[in-house]
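These are my notebook entries on a single chain. I record what I looked up, in the order in which I looked it up.

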Amino acid sequence: MTFLEILLLAVALAMDCFAVSIAAGVMMRKMQWNTMLRMTFLFGLFQAGMPFAGWLGSCFFCEQLMSVGSWVAFALLSLIGGKMIKDSFGDDEEEAHFNPRKLHTQLLLAVATSIDALAVGVSLVCLGYTRVPMLALPLWCIGLMSFALGLLGCALGVHFGHSIAKRLKPERFGGIVLIIIGLKILLF
């Protein structure tokens, strides 16, 4: 793979992080650098780690992984998104159960948005990436792009979220985004 192809792959994988980060930024409503940095670090870590896990596992359970990976990602994102939508119809005074500031929520989102990256690891084996040092450039690019686009998404969500939040509750918006991402992973 050329460097340009690696960058395009990294951008494609990071788009889910970008979309989820926008929704999280809308829900946060103000810049919270601690939360944003931790969440986007986890996105980058998992987006880079999942291809590595797929690469490692490709010899052992390649076919099984490929057949269920998109269903697992769809199920996780749909469950999280559905819960967010359900919670958005509750009392405004009630504390939202989905909170992008919480570590367990960030971990769930990082795993859910990166499961489709497992298939990239299997693809890397097919492209001739047979040794760990060969993976360094693609994995670093994927991780850094996910981190950068995640930060940008959070900032955009916070900045433009006020107009969205007036028309649509942030939890509902975020839930819809997660379900759409899950459908995209399942169908494409």
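**Entry 1: Ser70**

Is Ser70 buried, partly exposed or exposed? I found Ser70 to be partly exposed, because its relative accessible area is 22% and the buried class ends under 20%. I noted that the model is a predicted one. I then placed Ser70 in helix α2. Leaving aside residues up to four places away in sequence, I found that Ser70 touches Ile185 and Leu186. I also looked up Asp116, which is 46 residues from Ser70 along the chain. The C-alpha atoms of Ser70 and Asp116 are separated by 6.1 Å.

**Entry 2: Confidence**

I checked how far the prediction trusts itself. The chain has an average pLDDT of 83, and 85% of its residues score at least 70. Among the elements, I found the highest mean pLDDT in α3, at 91. The lowest mean, 76, belongs to helix α6, residues 170-187. Ile185 and Leu186, the two residues listed as contacts of Ser70, fall within the range of α6.

**Entry 3: The chain as a whole**

I recorded six helices and zero strands. Read from the N terminus, the order is α-α-α-α-α-α. The chain has 188 residues, of which 46% are buried. I looked up the contacts between residues at least 6 apart in sequence and found that 90% of them join residues at least 24 apart. The exposed area of the chain is about 9,600 Å², and carbon and sulfur atoms supply 72% of that area.

**Entry 4: From α1 into α2**

I next examined the loop between α1 (3-28) and α2, where Arg29 is placed. Arg29 has a phi near 70°, a positive value in a residue other than glycine. I classed Arg29 as partly exposed because its relative accessibility is 45%.

Which residues make the nonpolar surface patch of about 300 Å²? I found Met31, Trp33 and Leu37. Leu37 belongs to helix α2, which spans residues 33-88. With a relative accessible area of 37%, Leu37 is partly exposed.

Thr35 is likewise a residue of helix α2. I classed Thr35 as buried because its relative accessible area is 11%, and the limit for that class is under 20%. Residues up to four places away in sequence aside, Thr35 touches Met28, Pro100, Arg101 and Gln106.

**Entry 5: α3**

Gln106, a contact of Thr35, led me to helix α3, residues 103-114. I counted Gln106 among the buried residues of α3, together with Thr105, Leu109, Ala110, Ala112, Thr113 and Ser114. An α-helix has 3.6 residues a turn, so residues three or four places apart point the same way. I also compared the span of α3 with its expected value. From first C-alpha to last, its 12 residues reach 16 Å, close to the 16 Å expected at 1.5 Å a residue.

**Entry 6: α4 and its end**

My last lookup was helix α4, residues 118-126. Which residues of α4 are buried? I listed Leu118, Val120, Gly121, Val122 and Leu124. Just after α4, I found Gly128 with a positive phi of about 100°.

Technical notes. Residues numbered from 1 in each chain as written. Predicted model: local features only at pLDDT ≥ 70, side-chain atom pairs only at ≥ 80, totals over all residues. Heavy atoms only, no water. Helix = DSSP H or I, 4+ residues; strand = E, 2+ residues; numbered from the N terminus. Buried < 20%, exposed > 50% of the residue type's maximum accessible area, 1.4 Å probe, protein only. Contact = heavy atoms within 4.5 Å. Areas by Shrake-Rupley, 256 points an atom, 1.4 Å probe, with all protein chains shown as cover. Patch = residues over 30% accessible without salt bridge, like charges linked within 9 Å, V, L, I, M, F, W, Y side chains within 5 Å. Salt bridge = Lys/Arg side-chain N within 4 Å of Asp/Glu carboxyl O. Expected span 1.5 Å × (residues − 1). pLDDT = per-residue confidence, 0-100.
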